[in-house]
Every structure is written in structure tokens, then in C-alpha cells.
Amino acid sequence: MSFLQPLLLFGLPLALLPVIIHLIHLLRRRQVKWAAMMWLMAAQRMNKGLSRLRQYLILTFRVLAIAAIIFVICRPLAGGLLGLTGGAPDSVIILLDRSASMEQRLVTTGVSKRSAGLQNLAAAIKDAYGTRSKLVLIDSATLQPVPLEKADSLPDLPQAGPTDTSTDVPALLQGALDYITANQTGRTDVWLLSDLRQSDWNAAGGRWQALRGAFTTLPGVRFQVLAYPETQSTDMGIVVEKAVRRETADKAELLLDIRLQRGEPVAEPLAVPIRVVVNGASSTFSSELKGSQALLQAQSIPIDKTTKRGWGRVELPADSSPGDNVFHFVFDELPPLKSAIVSDRGEVSGPLLAALTAQADLSRKYEAAVLPAARLAEIAWDETGLIVWQAPLPDKESAVAKQLDAHVRAGRSLIFLPPDTPDASAFAGVRWTTWQNAPPDKPVLAEWWRSDAGLLAATRAGPALPVGEVEAQRWCGVEGEFVPLARLGDSAGKAPLLLQTARDGSGSAHFLTTLPGPGSSSLARDGVVLFALLHRALTDGASALGNAQQRVTGAKSLGEDAAAWTRLDVEDPASVLPIDRPLRAGVLKKAAAAPGKPDILAALNRPPGEDAPPVLGKPSLDELFAGLDWRLLERTLENEKSLTSEVWRTFLWCMAVALILEALLCMPGRRQAEAKKAEAMKEVAA
Amino acid sequence: MKSSHTFLDSKVLSRLLALPLNARQAMTGNVSGRHRSPIRGSSIEFSQYRKYVPGDDTRRLDWRTWGRTDRFYIKEFEADTNLRLALIVDASGSMAFGPAGATRLDYCRKLAGTLGYLAAQQGDAVGLWGVGKDHRQKLPAKRGAAHLKLMLDQLAELKAKGETTILESLHDAADRISQRALVVVASDFFTEPAKLKHALQHLRFRRHDIALFHVLDSVELEFNFDRPARFVDMEGGETLLADPSLIARRYREVVKKYMAEFDEVIRTTGADYHRVLLKDPYEDVLAKFLLARLQSKGRR
């Protein structure tokens, strides 16, 4: 319990006044010399329990009434189920989910979840803790702790503004843990403001267990999760999956693959107006949505033949989630899809080269180079979208390792294939161990793979890739922290077939644990899985190439020098602070590194996970915070009730109830009243 | 009377002298009196015939009966004797209840003093037993004006204090009063009815005529207090904090139960019981007492 006038609590001993007065009355009570003591004592004995109880109850109610008055004038604050009890902690760490989904707003007021949560939180902290606690903000976009002077400033901080990023909640908690450990914050309240999106919380991730263990060892850390899990099932989102300029002899056009999605399927076909803006010029067309999704493939937007490159966006009518109503895109003459195969073995590089040079998209040009490990210097790092590495892993401190790391961090693709003789070197914490062989003539089939995402995801039309038909005669073991994307069967001990290194920021590498050639697997023979895998990796990696790039918002989405980029889609580019540029969706331009070369265009959009509405439930949160002192405070945008509220009325009621009960207990019994009445009548008659 | 005997009112005495003090049963006195005796005597009131046995006084032979029946019969007459009145007055601390000058002891003093005077005036012997730890008055019943004065003096000297010893005093009286007597007890009887029953039965066993004056105040019966008070025991000094609003009902229940038990004791022992309130005129109480006895004059 907190109070706006806590000093007045020193008056609480006044509540004992009735007891003191009672004791004084006991001492001052008039004396009556009494002869019939025998009868009086017998009556007292008969009445002892009830009489005492009644007396104690009367005293208790009087004490309660006075205590309630004192509480009323102290102006108590209640946090509902907040648990704002126990006084102010030494430190308050605010973990802010600034993901795009937090910008879901109430249409009538325009207040977003983030804004409402911040206002609520600031008021609650101000009321409950005042200036007695040290305040620190850690936001999901920067993960940098920012000390706050006072809670009032919280909603106005640049670090608390809206973004179009996703949130990594475990990383937020890790940030809080690092801060608490480094600064010895003492008794700490950690407030986490979030909309509980599953994609942000990554409840299946491996970091939660370590976080729980670490927080359990810290005494006095309490978690308050202020959640706005409400989703709008009628909200629609739009995504441009592909934007390609095509030119024929008589016209030029922009072909857009647009995906529409809605939280809840529509009962009847719904006409959806879509506004397209290309280089500032807008046009609108209507699309029909059936069910919960619609895919508009190769939607043609006519453009001028002289327009070789440019930018644009597609927009949906406004709804409660403005973040997913807009999707930005850029287009340019497509660069060739270059890949490099590092291998000394022809039987390995052959199938790879064949797959990577086969034209999956006739409008693109495919180039692949096979390089032995000794000629790594010939790799065109800035133009290569995919590197397939079938050689010993480079030493961590070597220049090659750093180049590969930079390649991955730039969003390009890297696939490691096992070398003939694995060594102890590792990349991103993963290393090869030893080769394993299946029994002769009994190859191991792949049994499990992720078909919902990743390189082995099902095709856009729906059918899954035939990964289950992939046979492996031998495979190489791996060690380290990774995310498996496919596993072999039981006879191989469920060894991973394809895996992805754990993400720490942007980019990740893949490890394929077998080789495509004969004697190792059927990947080359069957071809489909290998082809899809390689081309998906190449397409992903190449998206970060060229002068028109589709990127996902994030702290590192514009590289280290965000100030070098300028917003193109706003009237006053300077109005967008450099700190916000990598975090907000939009189109940006960066001057060419060398004279004569075109500027680089980048379209930043929200991560795909932000369009996924599922949220975590209380049971899942219970598991995530198991063993920790935590509370969940669910709010909705319609609920404007403050986290803390003055509850003096409650105490006023308590006082009234106590006084009424006291009065009832003090009232004479019915017989006694009748006797007195009869006596009075007698006196009148006399 | 001496001026210190203020508890005697000459007007009341003169009015009550018209009513004799009778015993409800035959008394055994030392001298001739107006009360019936269980022993045959020489009064003029014929009692019965009985066969002559050697040793009988031949002067009391009824010759006429001898002449008719040729048998010797002795003619017996009633014997009248005097009354022994034992006045037992409670002088424990609780007897000081009441306003100064009109306490329970003052009231009992009036009752006992007047009765003693009336008895002495009709030639009966009067004795006094003071009840209380600090009282040792055991004045045996005697006749005569001098003895009456001594009794009244001792009655006047009684002071209400200490714990009651009414039960011990009644047993003591039963043991010490050897001849039949009228035992009049004036007390508040704040003791257990069951124990009182034993004491009264002891007296009855010794063939005494028992009369009880149970002197109470209406305040004690009704307990009409309006606010909490510290009640101090008049006998032991013990204190008790009580809120009348909480216990008055229970108190009245206790009183009612006590009275019911007391009535049962009286019914069992056959005592002549008079419940008296301090506000009742003692003259009326005594007149009622004497009149009732007039109708039930002692049997042999």
C-alpha cells in the first residue's frame, strides 16, 4: 500500500485512543458497595464469554474506525492486484516492448498500446514510488539502459517512441539481468510492458531457462508484466513479397506480389481497396478477400519506361493497427544472383554448381563460381549472395572468419558443408565433430524438418518439400548452440541434417551435415530438396545485394552508420532522427560509396512476426516465470483505469461499517429496552 | 427504654402488644406461661384420662369414674408454659446495605428488638445470637426486665462487618438451645440454599419453631443500574467490573433461580418464612407475622 501523504501515517497510533479511553474508564468507574455479590458473580460467570467478546468487538470497531479515518487522510493508493505493496524498491527497471504490434490503437481515441501503457506506468510509478526509486528504461529496439530523472518523462523519451521493429523479450530480460548484476541495484521491480505476442516472447527458445536460473539467484527482484494482449480480429495487414520491374517492347510495369491477411476469416468476400504509391504517384485498385488471406501475384502497376529504379508502398485503409497497413518496397534493375562454392572436391561442387546456375527465375541472371580453399581471395564479397563452404571452418581470429561473419551480418547467406577432416574450429559457436556412417545399403532417412519456416518450408502453394525422402549414407556430427531445421531418423540418433546458428542480432549461417554427392546422400540424385534449399538461400542472400534492398527494421538494419541514410518517403527527411531511421518502416537512400555509382535504396519494413497475432496466455507466462516473483496485469485500451487509484472511499466505507457495527453492539438488548420503557411509563403514570 | 434503643418505637410497640406472640408448636418452658407445653400440667383445661399407675398422685384420681367403673383413672389437665425466643440476627458486612440509618441491619434490629420486647412483655424468655465472624454474642434466653435490657443493649451494639457465618450460627444454635424454642432468624441469607437447608433441618430436628425474615432490597432484586460500575463486595472487599446492560438479564435469571431454590428449602423444612423488602414498614411485617401465628397456635 502506498500513500500520497505518508507522513500522516505517524498519526496511526491515535487509533489506540478507544483502548486508552477504555482503560481510563476502567480506572475511573464509579464504585458501588454491593451485598448480593453472590448473584452478581454468578451472572458475570454466565455472561463472561459473550460479554467480553462484545466488549472486544466494540473496541476493535472503534479502533478500526479511527484507523480508517487516518488512512483516508493519508490518501491511500491501491494497485489493484499490482502488489504495489512493501514500499518503494531501490530500483525500478522498465522494459519496453517497442514492437510494431504495440502501435495497435483504439480507433476512437488514437491511443496506442505503447502510449497507454507508458502513461499508465509513468503515473503508477510516480504515485507508488515517487522519487524514492532509481528509474531505468531498457527498450526493445536499442536494448540500452537509460536512466530516468522522473517517471513523468517516460512517455516523451525518444527511446520510448514507436518503432516498426520486433521485440526480443528474452534479450530485454537479459539486458535487465546485466544491468542488475553490474549495478547491484538492490531491491528491484522490473516492469515489462508488452502485448505478449508469441513471436516476440519466443517462449520455446533456449534462453528462458538460463534467465530464470539467473534471476532466481538475485534476491529482491520482482516482475510486473503490464500486458495489452488484446488483438483485433478484423484488422488487416499487407505485405509485398516481391517487387519486380519488367519492361517489354511497348511498356514498363512493376509486378507486385501482395499478400493480404486478416485476423479472422470473412464470411463473405470482402472488397479491399489497396492504394499503391510509386515514386510519389499513387493509384488505387480493389482486391477481393476470401477467408483470412489473399495473395495477389504479379499485380501490375504501370510505370514509365524511363523509370528504371524507384520506391513505393502499398496501403490499406486505416484500422486499429496502422503498422501493418503499409508496406514499403524499392525496385531496381535486378543484380545477378551470384554465389560462390568453396570446395576442393569436384563431386561435391558439381551438383551444387548445377543447382545454383539453374534459372529458377527466368528474369534473373545466375552466376556461380567454384573456388578451392586456397583461392578465397577471389570471392567477390560485395556481390555474392550465397557462399557454400565445403572446407574446414576458418579459425575464429582469421581474416576469412571475420569476412564470413560480416557476410552473414549483412544479411547474406552462408551454408557450411562438412569438410573431409573436421577440426576444432567453430563458426558462431558451432563446430563439426566426426563423420558418422549408416550401415551399408541402409541409408538413414530424414524424419523431421521445419515446414513452416526456414529453408525447408513448404512451398507457397502449400505442398511440403520431399525432405522425408532424403537418404543419408553418412553425415557429420555438430556441436554448439543451434536451431535444428531437419533431423535424421532414429538410427542416426536424430542427428541434425540441417541447422541454423543461433541469431545474435541479424543474419545466421546454416550447416548441412551431409554432402550432396554419391556416397553421402541422395540430395544430388533427387535434387528437389537441394535445389529449393540452395535457391531459397540464394534469394534471401541476394535480397541484401544490389542497389535496391528490402530490409527488416532493427537496430542494425542500416548498418553502423544510420546517419548516412536519408528518408525518401517523408516531406522533411531531417524530422526523422538518425536513431529512429533503422527502427521505422520507410524508404531510405544512401549515397553511393564511389562516384558514378547509383545511390542505394532500402525499404525497411516490420519483421514478418509482427503480423502474427497469437499471444501468450497466462499458463505460458507461468511457465516462463516459474520460480520468480511476478504478477501479470492485463489491461485493454478501453480500460482507462489507472494502475494505481486513490482508495480513500473504501476506507471511508470501512469506517462507516465499523461505526455502524459498533453502534449495533452498543445498543441495549430488546428486553432491557422494554424494561426501561415500562419503567418510564410507570414514572409517567405516577 | 434506654435512649440508645432507638430501633424500638413505642407507638409500634403499643399497637403490637395487642397481638400475642405464639409458637406454632408446644414449648417447654421453665415456668408457667401462656404457651402450650407437651407436658401435662394443672391448668383448668382438661386434657385426657389415663390409667392409674403406682406412684401417681392420688389427689388427681377421678373418684367419680372409680364409682362408675370401679377402676382407677387419673384425670390430666393441659400445662401452659412460657416461650423461649432465640433471636438470631445476621451482622455480616452485607447487612450494612442500604442508606445510612436504614440499613438492612437497622431493619433487622427493629424486627428483633420489637419481637424481643413483645415476648418479654408476655413473660417469655428472650435470647440473642449475633451472626458474624466478629460477633460472639450468645445471650441465652432468660426472662426478666434486666435481661431484656441486656439483650437490647447487645442488639444495639451489633455492627455489620465481615463475612457471614449464618450457617455456622444456625448449627451452633441448634446444638446449644437444648429445649424447644422459637428461633427467629433475620438475615439476607446470601448463602447457598442447599447448605441453608441442612442448617434449618438441624434446627427442626431439635424441635425448634423456625421463623425466617429474609430481608432484601428491591435494588438487589431488580439490578436496575444504567451504566458500568465497579461493584465492591461488602463482605470480602472483592471488586467486580460489570456492565449492567450486558449482565442484568442474567442477574435476574440468577435471582429467580435462587428464590425458587430457597422456596423449596422452606417447603422442605416447614420454616415460617417472610420475604421482606427494606421499603416495607416493619410494623406491618411483624403484625402479619403475629397474626399468622395467632391462627396456628402451638400443638402439643
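Which residue of β11(A) does A:Ala271 stand opposite? The legends below walk through this predicted model view by view, and the partner, A:Glu288, turns up in the second one.

**View 1. Strands β9(A) and β10(A) lie side by side in the antiparallel sense.** Here you can follow β9 (residues 236–247) of chain A along β10 (residues 252–278) of the same chain, with eleven bridges joining them. For a landmark, look for A:Ile238, which sits opposite A:Leu260 in β10(A). The link between the two strands is a hairpin of four residues.

**View 2. β10(A) also pairs with β11(A), again antiparallel.** β11 of chain A spans residues 281–303 and is joined to β10(A) by 19 bridges. This is where A:Ala271 faces A:Glu288. Two residues separate the strands in their hairpin, and A:Asn279 in the turn has a positive phi of about 50°.

**View 3. β12(A) is another antiparallel partner of β10(A).** Four bridges connect β10(A) with β12 (residues 310–315) of chain A. To find your way, start at A:Val278, whose bridge partner in β12(A) is A:Gly312.

**View 4. A strand of chain A meets a strand of chain B.** β2 (residues 31–34) of chain A pairs with β10(B) in the parallel sense, over four bridges. A:Val32 and B:Phe231 stand opposite each other here.

**View 5. Chain B touches chain A through 27 of its residues.** They are in contact with 25 residues of chain A. β10 (229–233), β11 (239–242) and α8 (244–269) of chain B each supply at least two residues to this side. The largest share, ten residues, belongs to α8(B). By character, the side of chain B that touches chain A comprises 17 nonpolar, two polar and eight charged residues.

How values were computed. Residues are numbered from 1 along each chain as its sequence is written. Chains are lettered from A and ligands numbered from 1 in the order in which they are written. This is a predicted model: local features need pLDDT of at least 70, side-chain atom pairs count only at pLDDT 80 or more; totals for chains, interfaces and linings use all residues. Two residues are in contact if their C-beta atoms, placed from the backbone, lie within 7 Å. Ala, Val, Leu, Ile, Met, Phe, Trp, Tyr, Cys and Pro count as nonpolar, Asp, Glu, Lys and Arg as charged, and the others, Gly among them, as polar. Two strands pair if DSSP finds at least two bridges between them.
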